Amino acid sequence: MNVSELTNQAIVQKQVYYGHPNEQGTNEPIQISYPTTEVVGHGSFGVVFTTTIEETNEMVAIKKVLQDRRFKNRELEIMKLLKHKNIIDLKYYFYEKDTQGEVYLNLILDFMPQSLYQRLRHFVHQQSVMPRLEIKCYMYQLFKALNYLHHHTNVCHRDIKPQNLLVNPNNWELKLCDFGSAKQLKPSEPNVSYICSRYYRAPELIFGATNYTNQIDVWSSACVMAELLLGQPMFPGESGIDQLVEIIKILGTPSKQEICAMNPNYMEHKFPQIKPIPLNKVFKKEDDSTVEFLNNMLRYDPLERFNSLQCLCSTYFDELRYSQDNLREIVNNLDLLHFDYQTELGHLTNDQLAAVKLKLMPNII
Ligand SMILES: Nc1ncnc2c1ncn2[C@@H]1O[C@H](COP(=O)(O)OP(=O)(O)OP(=O)(O)O)[C@@H](O)[C@H]1O
């Protein structure tokens, strides 16, 4: 007797397509069955529930979103492109109609037990802090995901926040999810600036830029790291514009040059002159490499801000590269020191590749 028989859950059968077509490029539908279960997540675009596929025993999350018949679903198109260890994988998808004739798209995804938001709340409720090494392992995996996303697929996620980072607290694995706001940015085409959740919005978005780059995801990631260290959001803005006030309170007023780098069309330059607070005063208990790393990411000018590969190369992560004993086992289990030449380092010139290899894979000759 299986679990669904014990709990009296109805088994449904669906014709589904694979998330990634086979080597021949064909994608014939197959049939799968799973017990219907309760919803675990409510998003702004749909519901998420978790279940187990009977045929393969895979634990999955099914995200069901209303499909506008006039447009291709961008989340589906992007998820079909993505294949990376630190990004939630699209296993299958299918469409279904409800009784009113509305069409829903169902994305069948890898299951992960918790979001980073829930993981952090666990420590806050215990009045303890997240272990610094655990934070480092999550941040490294996030930048591995972003390096692949930004440099191999040219996709910008546009909604990096703790709720969209799924983790396994038992082995510290992290996977990026929710590509509902993601887009392939092209330098010649403008993009809407009203994306990304408030606390994590890069200053160029607050300045209304439409020519922003993948660097907005690095800003959001720095905000996530800061929140894990502080136990609360670093820039808790109460409204769109208050978000900028929160940033200025710590980083100081941006210079004319920095405002121009964020949005060349922004003409109103009237800000009270606020002096920056050095980050070693904000993060009093953290070591120098942690503070320096945050300094390299929390820059107004997106071009001065580290990109995702520079982040991976930061000395902050040296502890993982030169680890021993228990930590080395964790690093090996998470495969942190392995990089795929084509999909993770393929955008580099030979000289750059040699330097990056030396930094990221110090033990591999
Ligand atoms: N693969 C998964 N495994 C486990 N839980 C998941 C998975 N995907 C999503 N969830 C849960 O469902 C929630 C909502 O998922 P998701 O962010 O993809 O939906 P959304 O409708 O875009 O949400 P939002 O409006 O918050 O951005 C997540 O925060 C998480 O708690």
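**View 1. The shell around the ligand mixes 8 nonpolar, 6 polar and 3 charged residues.** Here Ala, Val, Leu, Ile, Met, Phe, Trp, Tyr, Cys and Pro count as nonpolar, Asp, Glu, Lys and Arg as charged, and the others, Gly among them, as polar. Please keep in mind that this is a predicted model, in which local features need pLDDT of at least 70, side-chain atom pairs count only at pLDDT 80 or more, and totals for chains, interfaces and linings use all residues. Residues are numbered from 1 along each chain as its sequence is written, and side-chain values use heavy atoms, with hydrogens and water left out.

**View 2. Ser44, Lys63, Asp110, Met112 and Asp178 are the closest of the 17 residues surrounding the ligand.** A residue is near the ligand if one of its heavy atoms lies within 4 Å of it. Domain 1 (14-110) and domain 2 (114-360) each give at least three residues to this shell; the bounds come from an automatic or database domain assignment.

**View 3. Asp110, Met112 and Asp178 each place a polar atom by the ligand.** Polar contacts are pairs of N or O atoms within 3.5 Å. A backbone N or O atom of Asp110 lies 2.6 Å from a ligand nitrogen, and a polar backbone atom of Met112 is 3.1 Å from a nitrogen of the ligand. From Asp178, a polar side-chain atom lies 2.7 Å from a ligand oxygen.

Methods. A polar contact is a pair of N or O atoms within 3.5 Å; within protein, one must be able to donate a hydrogen and the other to accept it, and residues adjacent in sequence count only if both atoms are side-chain atoms.
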